[in-house]
Amino acid sequence: RESDHRAWTPVSYTVTRQNATVQGLTEGKAYFFRIAAENIIGVGPFTETTKEIVIRDPITVPDRPEDLEVKAVTKNSVTLTWNPPKYNGGSDITMYVLESRLIGKEKFHRVTKEKMLDRKYTVEGLKEGDTYEYRVSACNIVGQGKPSFCTKPITCKDEIAPPSLDLDFRDKLIVRVGEAFSLTGRYSGKPAPKVTWLKDNIVVKENDRTKIKTTPTTLCLGVLKSVREDSGKYCVTVENSTGTRKGFCQVNVVDRPSPPVGPVIFDEVHKDHMIVSWKPPLDDGGSEITNYIIEKKDAHRDMWMPVTSATIKTTCKIPKLLEGREYQIRIYAENLYGISDPLISDEMKAKDRFRVPDAPEQPIIKDVTKDSAVVVWKKPYDGGKPITNYIVEKKETMSTRWVRVTKDPIFPSTEFKVPDLLEGCEYEFRVSAENEIGVGDPSPPSKPIFARDPIAKPSPPVNPEAVDKTKNSVDLSWQPPRHDGNGKIIGYLVEYQKVGDEEWQKANLTADSCPETIYKVTGLTEGLTYKFRVKAVNAAGESEPAYVPDPVEVKDRLEPPELILDANMAREQHVKAGDTLRLSAVIKGVPFPKVSWKKEDHEVSPKADIEVTGVGSKLEIRNTVHEDGGIYSLTVENPAGSKTVSVKVVVLDKPGPPRNLQVSEVRSDSCYLTWMEPEDDGGSVITNYVVERKDVASAQWVAISSSSKKRSHLAKYLMEGTQYLFRVAAENQFGRGPYVETVKPIKAIDPLHPPGPPKNLHHVDVDKTEVSLVWNRPDRDGGAEITGYLVEYQEEGADEWTKFQTVPMLDCVVTGL
């Protein structure tokens, strides 16, 4: 039966088992049930359920809880959270059971003892370094459900997490003056981070208007009734041992601007308008000025009249004025957030006040050089109209005429570099100002200046050193100063000081006595030690001294002679006859060596000019002749030694005459000439010989050969019977030498031979004391007419022939036999 009904309703008529299924019930309603046993006799008493049963789905233990998570870990505690099971088994959860297992052990142990319904629990009293895993189960009226999935193994140690920062504000924040603003956000981190607020890199401190609130998870900076000074770059820093996070916000507290900066300047004043100017406000209120509002007021009235409210320039024209009236001007600055307090001008009368500009003050001259100078002046009162030009004039001091330095306009600069000055001249300058009314009076003339480069004292000389010394002098050398001060170096002052003394002695009294960078300090005492210094001098004065690095002991210095040969002292020197022979060498040595020149170990020719200087020697022979050739030697000698060098000098000239001219093989039309080369070839190879002939009856020599390189020549084409003279000369690249001539004339005839023997000699008569002989003419006459026949006889058995006589005819009678 239903619990709220009295009537029982049968469920089953016959049931033989000890259980039954009741169907047709309504979910949610409460029922009572009763059961009776029946046999053949009848139905026994009923047994009734003790309490009502509500009809619902069957109840089971809950499902396993969901999302078991570890929220925090320290060295001795673990905090866990979880969610309920998806299904509670049909009955409300009555509690949760949390269990843990030490890694390495098998069993889980219950952690929660009390009845716990919270889904968050912190396990405390753990041992640092131990590792656990956890699980949780849900319980309902039926019992304890399945445990959740285990957590990962968790080791007990302090948990570290870098800071995180979540801000509620943007990079920029604009706040009106008087309003409050706050900068808020959330943060986290392990260990708990430190929170710091900075403004423009300075730590923010709390005061009446500034409040800072920080909780373990939130942060806040609040400012009440903000002022302009609260503007700036705010920075919040969240920092722990693992890192730092920062957030920034540029806060701009805006307000209306401060007033424009005065005074109001009346740039121009006219009878019907004025032009005024002012300076922008010192504080634009954090927002740029959008415009200025300008108003005017008659000084004797109380009403301000608008002029303009739409200008961003700091100058304005005030129109529609009445001549003679006095006016005041007031100016407001405006930005997006409001209008400033006004700037009010002094009273100003509206009237024309134009004239030419005043005369400038006396100009100043600077940066003078030899051809230019810079003229500088101050701007004069402009006479009410803007200055449009300046006129600069110059004049020489002794002149009366002023001359403009340029036709080009000079404006707005109040200085001008005047070019084209004459070096050494003295000038004055003056300046006039010009506006649209005209040119004002000129300024007073400047102080006179000379056109020349400015001169400062020179820098000290460079690298002074002692380059030589004797027993009473020291030679100093140095280099010019690096800077001459723009003035010519007049010379140098040389000073010396005996070591141990305090005073410096002057070696020269005036700088112009030492214009070069060398000086010989004389009059020193042998054996003493001296210090030296040098100063450079220009028109501005003396430089700082430059010191010779080390003291110098005064004594003679010995250096053996040294010869540095010039190019003309090579081993062999060739010079053309008639030219000048120059031999020279640089000579060194201390003391300076004695110099001597020799030629072939004899004195050189008196015609030689010999010059000896402090650095070398030179030998010079003008108009050289062949005899000037030979071996020249230069010897230098001092107590430390000697040195000699030699040079062979060859004077190149025309060759000498050929030798031993001979004529042979004379014929009626030719003869043969031979000769020997000259003893002197002039220092150059004989290139050829010139052969000439002359008829003894003629005055003219005729060349018969001019290019023969041989020392012989066949003279052809002679006239038979004519007598000739011959001569020969040698030539080289420097010319033709003297001729050698035949001693006596040569006649052009064929040579004579003895005639042949007479023919057919026989006797035609014989007597006791004489013999008559006849013969015939010989076959050849030997080239000349036969002049006679020589007759000789010999006694038989004798050795000698005896001459008888010479007869002209072909017969002879030999007598005296």
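Which residues form a nonpolar patch on the surface? In this structure, which is a predicted model, they are Ile-59, Val-61, Ile-141 and Val-142. Together these four residues present about 330 Å² of accessible area. Ile-141 sits in the loop between strand 10 (131–139) and strand 11 (154–155). Its relative accessible area is 65%, so Ile-141 counts as exposed.

Let me turn to the cysteines. The structure contains zero disulfides. Why does Cys-150 form no such bond? The closest cysteine sulfur belongs to Cys-156, and it lies 16 Å from the sulfur of Cys-150, which is too far for a bond; a disulfide would require the two sulfur atoms to be within 2.5 Å. As for surroundings, Cys-150 is partly exposed, at 38% relative accessible area, whereas Cys-316 is buried, at 9%.

I now come to the charged residues. In general, side chains of opposite charge can pair when their charged atoms come close. The model holds 30 salt bridges, and I shall present three pairs.

The first pair on my list is Arg-256 and Asp-341, whose side chains meet at 3.0 Å, N to O. Arg-256 is in the loop between strand 20 (243–254) and strand 21 (261–269), and Asp-341 is in the loop between strand 27 (338–339) and strand 28 (343–344); the salt bridge therefore ties together parts that are 85 residues apart in sequence. Both partners are partly exposed, Arg-256 with a relative accessible area of 35% and Asp-341 with 38%.

The next pair is Arg-430 and Glu-393, joined by a salt bridge of 2.7 Å, N to O. Here Arg-430 belongs to strand 35 (residues 426–434) and Glu-393 to strand 32, so this pair ties together parts that are 37 residues apart in sequence. Glu-393 is buried, at 13% relative accessibility.

The remaining pair is Glu-542 and Lys-535, with a salt bridge of 3.4 Å, N to O. Is each partner buried or partly exposed? Glu-542 is partly exposed, with a relative accessible area of 36%, while Lys-535 is buried, at 12%. These two residues also belong to a network of salt bridges that links them with Glu-495, Lys-506 and Arg-533.

Finally, I would draw attention to another lysine. Lys-385 lies in the loop between strand 31 (373–376) and strand 32 (389–396), and with a relative accessible area of 11% it is buried. What does Lys-385 touch, leaving aside residues up to four places away in sequence? Its contacts are His-270, Phe-354, Asn-435, Glu-436 and Ile-437.

Key:
Residues numbered from 1 in each chain as written. Predicted model: local features only at pLDDT ≥ 70, side-chain atom pairs only at ≥ 80, totals over all residues. Heavy atoms only, no water. Patch = residues over 30% accessible without salt bridge, like charges linked within 9 Å, V, L, I, M, F, W, Y side chains within 5 Å. Areas by Shrake-Rupley, 256 points an atom, 1.4 Å probe, with all protein chains shown as cover. Helix = DSSP H or I, 4+ residues; strand = E, 2+ residues; numbered from the N terminus. Buried < 20%, exposed > 50% of the residue type's maximum accessible area, 1.4 Å probe, protein only. Contact = heavy atoms within 4.5 Å.
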